[in-house]
Structures are given as structure tokens and as C-alpha cells.
Amino acid sequence: MTVNPAGAVATVSPSLPNGPQPRRRMGSPDIHPTPQELVLRLATDPAAVGLARRATIGALRGWGVPDTTADDIVLMVDELVTNAIEHATGPVWLRLRLRRGCCVICKVGDGCHEAPRLRHSDPDAENGRGLFLVSALADAFGARITTTGKVIWFRRRVRDGRVPAPRTTSPTDY
């Protein structure tokens with residue numbers, strides 16, 4: 001898998017080299033929405049995937065992302081968070097950011113130091129297609145190993161000049 005440097009665009013403070021650091025492994029996730037960024041610290045529990053989906057939907061609605069594009073982004077978030085919770089170790093986090101009002105950058109981090117691999121699955125298999133979906137729906141995606149685990153990211157354009165700018169109020173309906 002190749003990483004497109006243009007997609008790895010995030011401002012991360014030096015104290016948080018790999019994104020938001022969870023306070024604990026299990027328990028209630030922390031949700032930190034801002035007008036153009038959503039940060040979730042997720043429990044390593046399958047129920048956290050639903051929370052990630054709902055929070056993503058709320059953020060995308062608040063940013064004015066068209067429904068069809070939002071559906072694709074929610075699917076990609078679902079796949080990456082599910083993979084992180086199912087296959088990885090350590091804490092899991094999600095950062096979703098609207099960049100320059102026209103593209104969404106998503107990062108999912110976990111404590112595993114092994115990079116994910118695209119794999120071919122049997123047509124009758126019930127799983128194994130998540131990264132193929134992300135690669136098909138994203139404008140760019142990749143992964144990087146960090147000192148505390150890995151970060152998987154994707155970038156998706158959400159609007160051009162014909163779509164109105166996002167609302168200025170932060171989403172509260174998740």
C-alpha cells in the first residue's frame with residue numbers, strides 16, 4: 001500500500017505525536033467536536049463502532065456534506081474503526097476533519113504496530129473487504145507506523161464550488 005503524502009495532512013501537537021491519546025482502555029469514549037473537527041477516544045468494544053458512526057454522521061451533517069458523500073465517508077469510518085477494534089491492540093481513536101471546506105480527512109489510530117494489508121477474500125466470505133472498500137471510495141488513503149502503534153487515514157473530497165459552505169454551528173445530534 002502506498003501513502004500519498006498529500007493525504008497525510010493533519011496538525012498534531014508535539015505532545016500528541018499520533019493523535020489523541022485515550023485516558024483509559026475501556027469505559028465511556030470522549031467526544032470532542034469543534035466546528036471543523038471531531039475527535040473520539042473509543043473504548044475497545046464493538047459497541048464503539050456505532051458511536052463512531054453516529055458522531056461521524058452528526059459532524060458531516062453539521063459541515064453540510066452532501067448525503068451521498070456522507071454515506072461513503074460513514075462506511076469508510078465504520079470499516080476502519082471496526083478493523084482497529086477487531087484486530088488491533090491498545091487504545092483506539094478517530095479524528096475527522098473538514099479541511100478548507102472541501103475535503104474530509106479521517107484518521108483512525110490504535111496501539112498495533114503492524115500495518116494493515118489489502119487481501120483478497122473469497123466471494124462467499126463474510127469479511128475481508130474493508131480496505132478494498134476504503135481504497136475504492138477514498139481519493140487517497142494509507143497507513144503509517146508510529147512509536148505508539150499505527151494510523152490509517154483517508155481523504156475524500158466533499159464539495160466543489162457549487163455546494164454551499166458548512167454551517168457554523170457544531171453538530172449536537174449524535
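Which residues in H2 meet which residues in H3? I'll come back to that in point 4, after a quick look at the whole chain.

1. **Overall layout.** Keep in mind that this is a predicted model. The protein chain has three helices and six strands. Reading from the N terminus, the order is β-β-α-α-β-β-α-β-β, so to speak a string of elements with H1 and H2 as its α-α step.

2. **Burial, contacts and surface.** The protein chain has 174 residues, and 47% of them count as buried. If you take the contacts with a separation of 6 or more, 63% come from residues 24 or more positions apart. As for the outside, the accessible surface of the protein chain is about 9,100 Å², and carbon and sulfur atoms own 52% of that.

3. **H1 against H2.** Helix H1 covers residues 47-62 and helix H2 covers residues 67-87; they pack with their axes 9 Å apart, at an angle of about 150 degrees. That angle makes H1 roughly antiparallel to H2, and the crossing of the two is right-handed. On the H1 side, the contact is made by Ala48, Val49, Ala52, Arg53, Thr56, Ile57 and Leu60. H2 brings Ala70, Ile73, Val74, Val77, Asp78, Val81, Thr82 and Ile85. Sorted by type, the residues of this H1 with H2 contact come out as eleven nonpolar, two polar and two charged.

4. **H2 against H3.** Here is the reply to the opening question: from H2 come Asp72, Leu75, Met76, Glu79, Leu80 and Asn83, and they meet Gly130, Leu131, Leu133, Val134 and Leu137 in H3. The split is seven nonpolar, two polar and two charged for the contact of H2 with H3. The axes of H2 and H3 lie 9 Å apart, and the packing angle is about 145 degrees. The crossing of H2 and H3 is left-handed, while that of H1 and H2 is right-handed.

5. **Leu137, a residue of that second contact.** Leu137 is found in helix H3, which spans residues 130-137. Is Leu137 buried or exposed? Neither label fits: its relative accessible area is 22%, so Leu137 is partly exposed. Setting aside neighbours within four places in sequence, Leu137 is in contact with Asp72, Leu75, Met76 and Arg156. Take Leu75 from that list: Leu137 and Leu75 are 62 residues apart along the chain, yet their C-alpha atoms are separated by 9.1 Å.

6. **Arg100, worth a look at the backbone.** Where does Arg100 sit? Its place is in the loop between strand S3 (92-99) and strand S4 (103-110). Phi of Arg100 is near 55 degrees, which is a positive value in a residue other than glycine. Arg100 also counts as exposed, since its relative accessibility is 70%.

7. **Pro91, on the way into S3.** Pro91 belongs to the loop between H2 and S3. With 33% relative accessibility, Pro91 counts as partly exposed. The C-alpha atoms of Pro91 and Gly109 are separated by 7.9 Å, and the two residues are 18 residues apart along the chain.

Note on methods
Residues are numbered from 1 along each chain as its sequence is written. This is a predicted model: local features need pLDDT of at least 70, side-chain atom pairs count only at pLDDT 80 or more; totals for chains, interfaces and linings use all residues. Side-chain values use heavy atoms; hydrogens and water are left out. Helices (H or I, at least four residues) and strands (E, at least two) are DSSP runs, numbered from the N terminus. Buried means under 20% relative accessible area, exposed over 50%, partly exposed in between (1.4 Å probe, protein chains only). Contact means heavy atoms within 4.5 Å. Accessible areas come from the Shrake-Rupley method with a 1.4 Å probe; for residues, only the protein chains shown count as cover. Axes are lines fitted to C-alpha atoms, for helices over the stretch in contact, and angles run from 0 to 180 degrees between N-to-C directions. Angles under 35 degrees count as roughly parallel, over 145 as roughly antiparallel, 65 to 115 as roughly perpendicular and the rest as oblique. A crossing is left-handed if the near helix is turned anticlockwise from the far one by less than a right angle, and right-handed if clockwise. Ala, Val, Leu, Ile, Met, Phe, Trp, Tyr, Cys and Pro count as nonpolar, Asp, Glu, Lys and Arg as charged, and the others, Gly among them, as polar.
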